[in-house]
Amino acid sequence: MTQQKVRTRFAPSPTGYMHIGNLRTALYAYLFAKANGGDFILRIEDTDRTRYVADAVDFIERTLKLAGITPDEGPGYGGDCGPYVQSERMELYKKYAEELVKTGHAYYCFCDPKEDHTTGEFGGYDRTCRGLSQDVIEEHLKNGDPYVIRQKMPEDGETSYQDVLHGTVTIPNSELEDQVLLKRDGMPTYNFANVIDDHLMGITHIMRGAEFITSTPKYILLYQSFGWDVPVFIHLAPVMGKNEDGSVSKLSKRHGATSFDDLVKMGYLPEAIVNYVALLGWNPKTTNQEIFSMQELIEHFSLEGLSKSPAVFDYQKLGWVSGEYFKAMEPAKFADMAKPFAGDLPDYLAEHWASLAELLRTRIERLGQIPEEIGFLCEQPAFDAELYVNKRNKVTPEKAKDLLPAVIELLEAVPESEWTNDSLYAKLEAHIEATGVKKGLMMWVVRIAAAGQKVTPGGATEILTLLGKENSLTRLKKSLDALLAM
């Protein structure tokens, strides 16, 4: 028997931007399909027009492209199962809903939605129209009375299915409402359109959030009503966020940036975000590796590595992953990518951007940190004598006061043409050797006097090179004056 080709899908509703949970669902569906030589389909589920956001479809497609997730079929990608936008498939849903009515698995409901027709422990529809005679139904239809089509649920027994992560899931049929399949305006409900499209598009494996576990029996019964094969279900555990008190709750805006777009705007590398999101609920069983290219993710991905326990989104871990990507990046590529985040640079820094970018490449985790990292180079920070205190190198403000005059005199004699990192380092080294001052002490004093802050990307001579001769001497003299005025 020929094994059926794996086909997965990502079926977002265009009601907003793509948050991390959406991205992870799309990513896992894509990885599983590609790992098994299958197809990944993008389908837009836009039947809920009340929540429709005009540019959301374009946003979803741009996000997938930026994340490196390329559909095999979908809007703009082609394929034999289109159209791939639900609002363009309306006649299909009506046809299949009517078919269920004919086979006795669904019925017309003419109840006025303004009237209360809820009943029972679970507050479901009271099934007023479930037992209408054919004569009454035909009279309603003849009069043009508005109706919905409802699924006729079994009133006793249980419905079970196998979930890859959660095993056998069983729900008493008494808990299942006669759900609406086709609304009064002819639009299908999410639950109904989903089943029709998944079948017609040949979807073999459905990945979605764990919140759908208890409603999946409704889907199972629809598949059975049509006599269709039931796909494999994988209900993914939620992504959680850390609260201030140490507890966790479902990831939301209060935990910080929660959409792929927000994280990219903050300067996390898209590939790094995807890499990190892949590890939120999946563990590659065959390796301790944590940094993966998309191709490596495909090669290692398997359903066995998925966890049914919630994953906690950790911004520190995301930062580490992103930082590793920057460290492995070609310096020129990083410099080009980082430049827009630096803002308007003074001419002396713009001239040395390649050197400055190389200093930043190995110390930042997101490009949005760049303005803060280089702020001291654009404007000298306020004087702080405490910065000159360094017990390891036995630095004090008094020693700095004694050392700086000779350093300033030395640097004033350096020609502009020799104001380079290597040249300045050699001259300071020679000065250190001649005076017998410890290198750590001298370099600390020069760096603090020029930079005005404790932690800097680069050492003393690198800071001097970036600032240029005029700026460096101005800063050193200003720092010395402040020390003398103490």
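Start with the largest pocket, which holds about 760 Å³ of space. This is a predicted model: local features need pLDDT of at least 70, side-chain atom pairs count only at pLDDT 80 or more, and totals for chains, interfaces and linings use all residues. Residues are numbered from 1 along each chain as its sequence is written, and side-chain values use heavy atoms, with hydrogens and water left out.

A pocket here is an open set of points on a 1 Å grid over the protein atoms alone, where a 1.4 Å probe fits, with protein on both sides within 12 Å along at least five of seven lines; lining residues have an atom within 4 Å of a point. Grid points are joined across faces, edges and corners, and the volume is the space filled by probe spheres set on the points.

Select His 19, Gly 21, Asn 22, Thr 25 and Glu 211: of the 33 lining residues, these lie nearest the pocket's centre. Now colour by element. Strand S1 (7-10), helix H1 (20-35) and strand S10 (205-209) each supply at least two lining residues, and H1 gives the most, with five. Helices (H or I, at least four residues) and strands (E, at least two) are DSSP runs, numbered from the N terminus.

Next, hop to the sheet ordered S3-S6-S9. It is open, has three strands and pairs in the antiparallel sense; two strands count as paired if DSSP finds at least two bridges between them. Strand S3 (106-109) and strand S9 (180-182) are the edges, each with a single partner strand, so one side of each has no neighbour in the sheet. From one strand to the next, the twist averages 40 degrees (axes are lines fitted to C-alpha atoms, and angles run from 0 to 180 degrees between N-to-C directions). Zoom in on strand S6 (residues 148-151), which two bridges join to S9. Ile 149 is the residue to click, with Leu 182 of S9 opposite.

Time for the cysteines. How many disulfides are there? The count is zero, taking a disulfide as a pair of cysteine sulfur atoms within 2.5 Å. Show Cys 111 and you'll find the nearest cysteine sulfur, that of Cys 129, 3.6 Å away. Why no bond for Cys 129? At 3.6 Å from the closest cysteine sulfur, in Cys 111, its sulfur is too far for one. Cys 111 counts as buried because its relative accessibility is 14%, and Cys 129 does so at 6%. Buried means under 20% relative accessible area, exposed over 50%, partly exposed in between (1.4 Å probe, protein chains only).

Now select 239-242, strand S12. An open sheet of three strands runs S13-S12-S14, with mixed pairing; S13 and S14 are the edge strands, each pairing on one side only. Here the twist averages 45 degrees from one strand to the next. S12 pairs with strand S14 (residues 311-313) in the parallel sense over three bridges, and with strand S13 (residues 248-250) in the antiparallel sense, also over three bridges. Gly 241 is a handy anchor: Phe 313 in S14 stands opposite, while Ser 249 is its bridge partner in S13. Lys 242 has Val 248 as its bridge partner in S13. Between S12 and S13, the hairpin has five residues, and Gly 246 takes a positive phi near 95 degrees.

Last stop: helix H13 (residues 353-361). Trp 353, Leu 356, Ala 357, Leu 359, Leu 360 and Arg 361 are buried there. Turn on the surroundings too: the cover over these buried residues includes helix H10 (315-328), helix H12 (347-351) and helix H18 (460-484), with contact meaning heavy atoms within 4.5 Å.
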